[in-house]
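This report is meant for a reader who meets the structure for the first time. It moves from the overall make-up to the sheets, the salt bridges and the nonpolar cores.

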Amino acid sequence: MERGDDVFDVSDYLQRIGCAGATGVDAATLRRLHKSHLMAIPYNGAAQDLRDGIRLVDLDEDALFETSVVDGHGGTCFQLARLFHRLLGELGYDVTLMAASTAEGRENFGLDVEHMFSRVALDGEEWLVDVGYPGPNYIEPLRITGTVQTQYGCQYRLVENASGFALQRRGRVSRWSVVYTFTTKPRQWSDWKELEEHLNREYAATAAAAPEACPIARGTDRIFGEIEAATGAHDGLDVLCGRAFDDGQVVLKGRRCLTVRGGREEVRTIKDDDEHRDLVFRILSGELS
């Protein structure tokens, strides 16, 4: 089978994320698909092939599917959100592409179109679906409503303002923190062209290491910092990966590892190189205890 040649397959996708036969178009199935995807396919900031530069718009979805889903390498929001958007559409969901931004993204790039996720309209309600954020974030779809929603010990709320909504989150002991802001304006893939061009200019200007292909990587700094105010830790290597488990998430950014379990957050610094490499392997492979 040629890579990139009609590889995308709904049945294979569902089986890979542990949802074989889950083809219903309803809230219960949507929740199962969303959580299972986050548990089965990791956020992997190193997944993008940068040999031809940073590509966010003109992507081969079949090649992406084989690498990110079938091979299990995961990806960033630009790969994972795009594939999940297609899966939901082919299953029959009314799904709309969305864009979000973080304060760090606006400061670093001056752009509002940054993070990629989706909105689903279902039975008179609208849901946010996001399988491409490293975390911490919602594990199941989040209803667009003014009430506080609780998932696995964490709380979420959408605060409406003049420019749209701010998604806020808090654990059992942490304060409310903004994950990202967004509007309900429908988007298309080409809306990320400006960000792609900006990142490629940065990439060309820094002949050494490439910038993070997903600027959300920088946005996690504030979230980590606010949680660390109560726990204490500090930075290290330039790594960003994450995966969900049954009642929480683990996110590794640099040397800092954030584990959220039942709403209880722990941040620790991984100082030993072997332990750090082992943790990266376990997050990306799914071999989490």
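The paragraphs below describe this predicted model.

**Overall make-up**

The secondary structure of the protein consists of eight helices and 13 strands, and 52% of its 289 residues count as buried. When contacts between residues at least 6 apart in sequence are considered, 59% of them join residues at least 24 apart. The accessible surface of the protein amounts to about 12,700 Å², and carbon and sulfur atoms account for 45% of it.

**The eight-stranded sheet**

One open sheet is built from eight strands in the order β5-β4-β3-β2-β9-β8-β7-β6, with antiparallel pairing. Its edges are formed by β5 (142–143) and β6 (149–151), each of which pairs on one side only. Within this order, strand β3 (residues 115–122) and strand β4 (residues 125–129) pair in the antiparallel sense over five bridges, and Ser118 has Val129 in β4 as its bridge partner.

Helices are also placed against these strands. Helix α2 (residues 27–40) lies across β3 and β4 and runs at about 10° to β4. Helix α4 (residues 77–91) packs on the sheet as well, where it touches β2 (94–101), β3 and β4, and its direction makes about 20° with that of β3.

**The five-stranded sheet**

Another open sheet has five strands, arranged in the order β1-β10-β11-β12-β13, and here too the pairing is antiparallel. The edge strands are β1 (43–44) and β13, each pairing on one side only. Strands β10 and β11 pair over six bridges in the antiparallel sense, and Leu240 is matched with its bridge partner Lys253 in β11. Helix α8 (residues 273–285) lies across β1, β10, β11, β12 and β13, and it runs at about 55° to β10.

**Salt bridges**

The structure holds 14 salt bridges, and the table gives some of them with their nitrogen-to-oxygen distances.

| Side chains | Distance, N to O |
|---|---|
| Arg86 and Glu61 | 3.0 Å |
| Arg169 and Glu265 | 2.8 Å |
| Asp247 and Arg261 | 3.9 Å |

The side chains of Arg86 and Glu61 meet in a salt bridge. Because Arg86 lies in helix α4 and Glu61 in helix α3 (residues 61–70), the pair ties together parts that are 25 residues apart in sequence. Arg86 counts as partly exposed, since its relative accessibility is 24%, whereas Glu61, at 17% relative accessibility, counts as buried.

The side chains of Arg169 and Glu265 also form a salt bridge. This pair links distant parts of the chain, with Arg169 in strand β8 (residues 164–170) and Glu265 in strand β13 (residues 264–269), 96 residues apart. Arg169 is buried, and so is Glu265.

In the salt bridge between Asp247 and Arg261, the linked parts of the chain are the loop between β10 (240–245) and β11 (248–253), where Asp247 lies, and strand β12 (residues 256–261), which holds Arg261; the two residues are 14 residues apart. Asp247 counts as partly exposed at 26% relative accessibility, and Arg261 is partly exposed with a relative accessible area of 43%. Elsewhere, Glu61, Arg82, Arg86 and Glu90 are joined into one network by salt bridges that share partners.

**Nonpolar cores and a buried serine**

Which residues of the largest nonpolar core touch the most other members? Among its 32 residues, these are Tyr13, Leu33 and Leu88. At least two residues of this core are supplied by each of α1 (10–16), α2, α3, α4, β3 and β4, and the largest share, six residues, comes from α4. Leaving aside neighbours within four places in sequence, Tyr13 is in contact with Phe8, His37, Phe65, Val69, Leu83, Phe84 and Leu87. Apart from this core lies another one of 18 residues, among them Phe117, Leu128, Leu167 and Val267.

Ser68 has its place in helix α3. Is Ser68 buried or exposed? Ser68 has a relative accessibility of 2% and therefore counts as buried. When neighbours within four places in sequence are left aside, Ser68 is in contact with Ile41, His73, Gly74, Gln79, Leu80 and Leu83.

Methods: Residues numbered from 1 in each chain as written. Predicted model: local features only at pLDDT ≥ 70, side-chain atom pairs only at ≥ 80, totals over all residues. Heavy atoms only, no water. Helix = DSSP H or I, 4+ residues; strand = E, 2+ residues; numbered from the N terminus. Buried < 20%, exposed > 50% of the residue type's maximum accessible area, 1.4 Å probe, protein only. Contact = heavy atoms within 4.5 Å. Areas by Shrake-Rupley, 256 points an atom, 1.4 Å probe, with all protein chains shown as cover. Pairing = 2+ DSSP bridges. Axes fitted to C-alpha atoms, helices over the stretch in contact; angles between N-to-C directions. Salt bridge = Lys/Arg side-chain N within 4 Å of Asp/Glu carboxyl O. Core = buried A, V, L, I, M, F, W, Y, C linked by side-chain atoms within 4.5 Å.
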